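Please open the model in a viewer and keep the selection panel at hand. The tour below proceeds by selections.

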Number of protein chains: 2
Amino acid sequence: MSMNAVFKALADPVRRQLLDSLHARNGQTLSELCAGRGISRQAVSKHLEILQTANLVVAEKRGREKLHTLNPVPIHEIADRWIGKYERRRLEALADLKRQIEEDHHD
Amino acid sequence: MSMNAVFKALADPVRRQLLDSLHARNGQTLSELCAGRGISRQAVSKHLEILQTANLVVAEKRGREKLHTLNPVPIHEIADRWIGKYERRRLEALADLKRQIEEDHHD
DNA sequence: CATTCATGCAATCATATGATTGCTTGTACA
DNA sequence: TGTACAAGCAATCATATGATTGCATGAATG
């Protein structure tokens, strides 16, 4: 059941952007996470609620505001499911190589 | 865009089970993948189509049947998105430890 | 060559999902 | 203490999604 919630949560682009935002800077409030997203506060609030039930985001009350934090554990479990240990090493090496090549191109 | 397709594809439990099935044994046909799933062949076919557009599954025609293969690359990219390199090492170590403990409990 | 089996295509339908509006609660601070 | 700001709750609505049924195509096999 739990993993289903994780995948459903990740299915929406707005929610993934929220995770991106938290990955860039943890501990943001609802209002901060709303900024420049073009949808209503309630919509964002609902998205955050879904991310929390999936345990991808943890929220903590701080006075009248609520701070949100990214939890990477469930994401890691996704990779664990379909990628064998050795296969993962290979894919990581590939990804690293790709990154290096891209960096080299930054003149 | 491409990543959106991947996440949408992973959002459905039937599709995840299909990936599980292919992870266990690659190169299965549509009919084989239908077996014991309790939904119509057309439903499975559509699911496989979605997995293919997400590039999570690759299909190859073999006479009158079609063989399906799991492609782990997009899954690996998910982890790459929200988990830093060092954080990943830490999470992997944790997962390995967890597995080891579970193995020890197998009498 | 005809029939059987694996798959593809199209239309339809119920339900799930994401967003909005309006109202309420509750904390801060002047 | 009352006003402004952060967040929660509820009802509604349009669209997306997953499944089904029925028919079409096309390769293997007798």
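The stops below go from the contact between the chains to single helices and loops.

This is a predicted model, in which local features need pLDDT of at least 70, side-chain atom pairs count only at pLDDT 80 or more, and totals for chains, interfaces and linings use all residues. Residues are numbered from 1 along each chain as its sequence is written, while chains are lettered from A and ligands numbered from 1 in the order in which they are written.

**Stop 1: the contact between the chains**

Select both chains and display the residues in contact, that is, pairs whose C-beta atoms, placed from the backbone, lie within 7 Å. Chain A and chain B each contribute 22 residues. On the side of chain B that touches chain A, at least two residues come from each of α1 (2-10), α2 (13-24), α5 and α6. Helices here are DSSP runs of H or I with at least four residues, strands are runs of E with at least two, and both are numbered from the N terminus. The largest share of that side, 7 residues, belongs to α5(B). Coloured by class, the side of chain B that touches chain A shows 15 nonpolar, 3 polar and 4 charged residues. In this scheme Ala, Val, Leu, Ile, Met, Phe, Trp, Tyr, Cys and Pro count as nonpolar, Asp, Glu, Lys and Arg as charged, and the others, Gly among them, as polar.

**Stop 2: the α5 pair**

Next, select residues 73-82 in both chains, which form helix α5 in each; the two helices pack at about 160 degrees with axes 9 Å apart. Axes are lines fitted to C-alpha atoms, for helices over the stretch in contact, and angles run from 0 to 180 degrees between N-to-C directions. The angle makes α5(A) roughly antiparallel to α5(B); the cut-offs are under 35 degrees for roughly parallel, over 145 for roughly antiparallel and 65 to 115 for roughly perpendicular, with the rest oblique. Show as sticks A:Ile75, A:His76, A:Ile78, A:Ala79 and A:Trp82, together with B:Ile75, B:His76, B:Ile78, B:Ala79 and B:Trp82, which make the contact. This set has 8 nonpolar, 2 polar and no charged residues.

Centre on A:His76 in helix α5 of chain A. Leaving aside residues up to four places away in sequence, A:His76 touches B:Ala79, B:Ile83, B:Leu91 and B:Ala95. A:His76 counts as partly exposed, with 19 C-beta neighbours inside 10 Å. A residue is buried if 20 or more other C-beta atoms lie within 10 Å of its own, exposed if 12 or fewer, and partly exposed in between.

**Stop 3: helix α6 of chain B**

Now select residues 85-104 of chain B, helix α6, whose end C-alpha atoms are 29 Å apart, in agreement with the 28 Å expected for 20 residues at 1.5 Å a residue. The expected span is 1.5 Å times one less than the number of residues. Is α6(B) buried or largely in the open? The number of buried residues among its 20 is 0, so α6(B) lies largely in the open. B:Leu94, placed in this helix, is exposed, with 12 other C-beta atoms within 10 Å.

**Stop 4: a loop residue in each chain**

Finally, select A:Asn55, in the loop between α4 (41-53) and β1 (57-62) of chain A. Its phi is near 65 degrees, a positive value in a residue other than glycine. Most residues other than glycine have a negative phi. In chain B, B:Asn55 also has a positive phi of about 65 degrees.

Note on methods. Contact = placed C-beta atoms within 7 Å.
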